[in-house]
Amino acid sequence: MSEYYDLLGIAREANEADIKKAYRKRAMELHPDKNPSPDAEAKFKEITEAYEVLKDPEKRARYDRYGKAGLGGTAGSPGYGGFHHVDLAEALNIFMRDFGGFESLFGGQRAEARRGQDIRVSVRISLQEVALGAKRTIKLKTLERCDTCGGTGARKGTRPAQCRTCGGSGEVRRAARSMFGQFVSVSPCPTCAGEGVVITEQCEACRGEGRVRADKTVQVEIPAGVTENNYLTLRGSGAVGPRNAPPGDLLVMIEVKDDDRFERDGDNLIVDLPLSFSQAALGHAVTLPTPYGEERVTIVPGTQGGTILKLKGKGLPRLGQGGKGDLLIRTHVWTPEAINEEQARLFHELAKLEGEPPKRQPGFWAKLKEALGA
Ligand SMILES: [Zn+2]
Ligand SMILES: [Zn+2]
């Protein structure tokens, strides 16, 4: 007979306070207002049933002795049928009876329900801006608080009146019966939709909404190192809610423009560097782009095609981690597609002098690994 104890995660010796505490903690996670999964609803019913039995010393004693079979009849007639599992309505009522409405536990939920809309905008930035961070001024079409009524929605010189249906609490309570006795069920007031006040004379500027259409500009700072599909959330920068309800958020979606100079691989950037035979053989100095300006790079004599050189710390910033990735330079040896007579003559000369190429070269991935590990 330990199932109920296990459901609440408590010991057989747990006292009433332990039971209440354990149930409250679990119920807060599984409550259907907070956790939408059907699995959570089933568990919520189970733990509520366990709680309802264990918190009652008489039921608990019968359960300890006879298990669920002991719960059906009255004391003294154990094993008599009639036990049933709590359904969702009963479970919600039990929770509300002992802990109040779910809303009151989290506070401000009523206002939160009327919160203004979130606004989404996209911002396109260059790879250079990914490297350095960026600032943008964004123009929004939004809803702002009505200045005429100060957001109350009531006509100038008047004030919203307390709702008579709910007395200003925004909630109505009704008695409900279940197998566990009489409970009070709480729901939003139908007259004032949970606001607690009603407007008798509407503000003309906002028609009682407490907010009006407006253009707004917002400064957005985009941190260095973002990637496509990252987004920023500016809390409270969305549309304001009706009648001074809290504002929504501004969500800034990031798009990164392609940069044909670089290939991006996470925080690393890859640059392709074509070399002619002679540059690869004789060595070469070249200027290459990085997001932080140009860099002079020396290619040593005898550089093979497919070699990967690394400019440490010249890649992109690591968002939230500090430091930067690397810039990887991938060499290609270019073979001329059409050559003139003079070039052909020189290649023939060269062919007589140059040695045989080695049979095997290390593959690309081996080289990349070596470059990154070095
Ligand atoms: Zn107004
Ligand atoms: Zn009301």
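Four donor atoms around a metal count as tetrahedral if all the angles between them lie between 85 and 135 degrees. With that cut-off in hand, the reader can turn to this predicted model and begin at the zinc ion (ligand 1), whose 4 donor atoms subtend angles of 103 to 114 degrees, so that their arrangement is tetrahedral. The protein donors here are the SG atoms of Cys146, Cys149, Cys203 and Cys206, which lie 2.3 Å from the zinc ion (ligand 1).

Along the chain, the donors of this zinc ion (ligand 1) follow the spacing C-x2-C-x53-C-x2-C. Cys146 belongs to the loop between strand 2 (134–145) and strand 3 (161–162), while Cys203 belongs to the loop between strand 6 (197–198) and strand 7 (211–222), and the pair therefore ties together parts that are 57 residues apart in sequence. Because buried means under 20% relative accessible area, Cys146 counts as buried with its value of 1%, and Cys203 counts as buried at 2% relative accessibility.

The model also holds a zinc ion written as ligand 2, for which the protein donors are the SG atoms of Cys163, Cys166, Cys189 and Cys192, at 2.2 to 2.3 Å from the ion. The angles that the 4 donor atoms subtend around the zinc ion (ligand 2) run from 102 to 118 degrees, and the arrangement is therefore tetrahedral. In sequence, the donors of the zinc ion (ligand 2) are spaced as C-x2-C-x22-C-x2-C, and among them Cys189 and Cys192 are both buried.

Away from the zinc ions, the next feature to consider is the largest pocket, which contains about 410 Å³ of space. Its lining is made of 15 residues, and those that lie nearest the centre of the pocket are Phe277, Ala281, Phe347, Leu350 and Glu354. Helix 9 (277–282) and helix 10 (341–353) each contribute at least two residues to this lining. Sorted by class, the residues that line the largest pocket comprise 8 nonpolar, 5 polar and 2 charged ones.

These sites and the pocket can finally be set against the chain as a whole, in which there are 11 helices and 15 strands. Of the 374 residues in the chain, 36% are buried, and among the contacts with a separation of 6 or more, 63% are between residues that stand 24 or more positions apart.

Terms used: Residues numbered from 1 in each chain as written. Chains lettered and ligands numbered in written order. Predicted model: local features only at pLDDT ≥ 70, side-chain atom pairs only at ≥ 80, totals over all residues. Heavy atoms only, no water. Donors = N, O, S within 2.8 Å, 3.2 Å for Na, K, Ca; no water. Tetrahedral: all angles 85-135°; square planar, octahedral: opposite > 155°, others 65-115°. Helix = DSSP H or I, 4+ residues; strand = E, 2+ residues; numbered from the N terminus. Buried < 20%, exposed > 50% of the residue type's maximum accessible area, 1.4 Å probe, protein only. 1 Å grid on protein atoms, 1.4 Å probe; cavity = no way out; pocket = protein on both sides within 12 Å on 5 of 7 lines; lining within 4 Å. Points joined across faces, edges and corners; volume = space filled by probe spheres on them. Nonpolar A, V, L, I, M, F, W, Y, C, P; charged D, E, K, R; others polar. Contact = heavy atoms within 4.5 Å.
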